[in-house]
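Please read the following account alongside the sequence and the three-dimensional structure. It proceeds from one residue to the next and gathers what belongs together.

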Amino acid sequence: MKTITTILLGVCVAFSANSQKLKTGPSKMVSSSKWETMLDKNLTKWEVWTGVPDKSLKNIPDTYVVPADGKPVEAIGLGDPLGIFKVSEEANDALVMKISGEAYAGLTSKKSYSNYHLTMLFKWGEKKWAPRLNAKRDNGLLYHCHGEHGAFWNVWKSCLELQIQEEDFGDLYILAGTEAKVPQTNNRWDPKSKTISKRAKRSIDTESPHGEWTRIDLYVLDDTAIHVVNGEVVLALTDAKDKNGNKLTSGQIQIQSEGAEAYVKEVFIRPIKKFPKKIRKAAGF
């Protein structure tokens, strides 16, 4: 009995270390006079690249040529003929962007950014689309985006990704040849570990329950970045590089559409010269 109790206690402790911390609401936005709003009604600070539509999609533009076998292979391209990204006003005049998710696409900032803190609120809708009807709802905040549209899966640019997926907020993905260094233990970010990987999962889960807003903060300084979800540092990386091994310190920002309905608001960006002390300490820098 003592052995069984000890084993069960160990399992509970291990589960608790990575268990989900469901929030009653998103963390507060950092107070600053330097915030620049990124959303307006017409998304004038962004452009859209629409990827390859799934064959089940009903409203493919008439100008898009579907192969004889009925399986699209080319990206729709620059523009948003499907109306994937749309901004509307809430009752309090706050702007909210709906992401339909019906096709893979990237909302891409027209400007490139370096040394910044970006914040936004994100929540899931209900609809899901092929080819992810039976998969977790998925999205992502892409940064240090560079090069041509469609470098990854004919949709997104070469970049680093702060993963936004159900139960997986904050993971690091590397798209189209990029690299970074992340200390990890058992593939979870661990700032005290000497084991380094090119990518890793977040240390803990801190997203809000389904349908509620989660605040996502991204801190970028040169080739170093920190992922923060609902006020908790969940991953930090160093030595970001492009596919040619060059130091990656700036780039465009992309917000994904990846088969799931979602909503985004309070998208702001501000310049920084250093990481805030508490964020830097939590990241182990």
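A residue is called buried when its relative accessible area is under 20%, exposed when that area is over 50%, and partly exposed in between. The structure shown is a predicted model. By this definition Arg-202 counts as buried, because its relative accessibility is 3%. Arg-202 forms a salt bridge with Asp-205, and the closest N and O atoms of this pair are 2.4 Å apart. The partner is classed in the following way: Asp-205 is buried, because its relative accessible area is 9%. Through shared partners, salt bridges join Arg-202 and Asp-205 into one network with Lys-136, Glu-167, Asp-168, Asp-171 and Lys-201.

The count of salt bridges comes to 15, and two further examples may be considered. In one of them, Lys-265 and Glu-90 meet through their side chains, with a distance of 3.5 Å from N to O. This pair links distant parts of the chain, for the two residues are 175 residues apart. Lys-265 belongs to strand 18, which covers residues 260–271, while Glu-90 lies in the loop between strand 4 (85–89) and strand 5 (95–99). Lys-265 counts as buried because its relative accessibility is 12%, whereas Glu-90, at 29%, counts as partly exposed.

In the other example, Lys-45 is bridged to Glu-36, and their closest N and O atoms are 3.0 Å apart. Lys-45 has a relative accessibility of 28% and therefore counts as partly exposed. Glu-36, with a value of 26%, is likewise classed as partly exposed.

Attention may now turn to Leu-43. This residue lies in the loop between strand 1 (36–37) and strand 2 (46–50). Is Leu-43 buried or exposed? Its relative accessibility is 10%, so Leu-43 counts as buried. When residues up to four places away in sequence are set aside, Leu-43 touches Phe-85, Val-87, Met-97 and Leu-107. Of these contacts, Met-97 is 54 residues away from Leu-43 in sequence, while the C-alpha atoms of the two are 9.3 Å apart in space. The backbone of Leu-43 also deserves notice: its phi is near 50 degrees, a positive value in a residue other than glycine.

A positive phi is found at His-144 as well, where the angle is about 55 degrees although the residue is not a glycine. His-144 is part of strand 8. With a relative accessible area of 1%, His-144 is therefore buried. A further feature of the backbone is the peptide bond from Ala-130 to Pro-131, which is cis, with omega near 10 degrees. Pro-131 lies in the loop that runs between strand 7 (116–128) and strand 8 (138–146).

The next residue to examine is Thr-185, found in strand 11, which spans residues 179–185. Its relative accessibility is 35%, and Thr-185 therefore counts as partly exposed. Which residues does Thr-185 contact, leaving aside its neighbours within four places in sequence? They are Asp-190 and Ser-193. Ser-203 is 18 residues from Thr-185 in sequence, and the distance between their C-alpha atoms is 9.2 Å.

The account ends with helix 2, which comprises residues 277–283. Two residues of this helix may be set side by side: Lys-277 and Ile-279. Lys-277 counts as exposed because its relative accessibility is 65%. Ile-279, by contrast, has a relative accessibility of 12% and so counts as buried. Not counting residues up to four places away in sequence, Ile-279 touches Tyr-219, Ile-226, Val-228 and Val-233. One of these, Val-233, is 46 residues from Ile-279 in sequence, and the two C-alpha atoms are 6.9 Å apart. Lys-277 takes part in a positive surface patch, which is formed together with Lys-274, Arg-280 and Lys-281.

Methods: Residues are numbered from 1 along each chain as its sequence is written. This is a predicted model: local features need pLDDT of at least 70, side-chain atom pairs count only at pLDDT 80 or more; totals for chains, interfaces and linings use all residues. Side-chain values use heavy atoms; hydrogens and water are left out. Patches are made of residues with over 30% relative accessible area and no salt bridge: like charges are joined within 9 Å, nonpolar side chains (Val, Leu, Ile, Met, Phe, Trp, Tyr) within 5 Å. Accessible areas come from the Shrake-Rupley method with a 1.4 Å probe; for residues, only the protein chains shown count as cover. A salt bridge is a side-chain nitrogen of Lys or Arg within 4 Å of a carboxyl oxygen of Asp or Glu. Lys and Arg count as positive and Asp and Glu as negative; His and the chain ends are not counted. The place of a charge is taken as NZ of Lys, CZ of Arg, CG of Asp or CD of Glu. Helices (H or I, at least four residues) and strands (E, at least two) are DSSP runs, numbered from the N terminus. Buried means under 20% relative accessible area, exposed over 50%, partly exposed in between (1.4 Å probe, protein chains only). Contact means heavy atoms within 4.5 Å.
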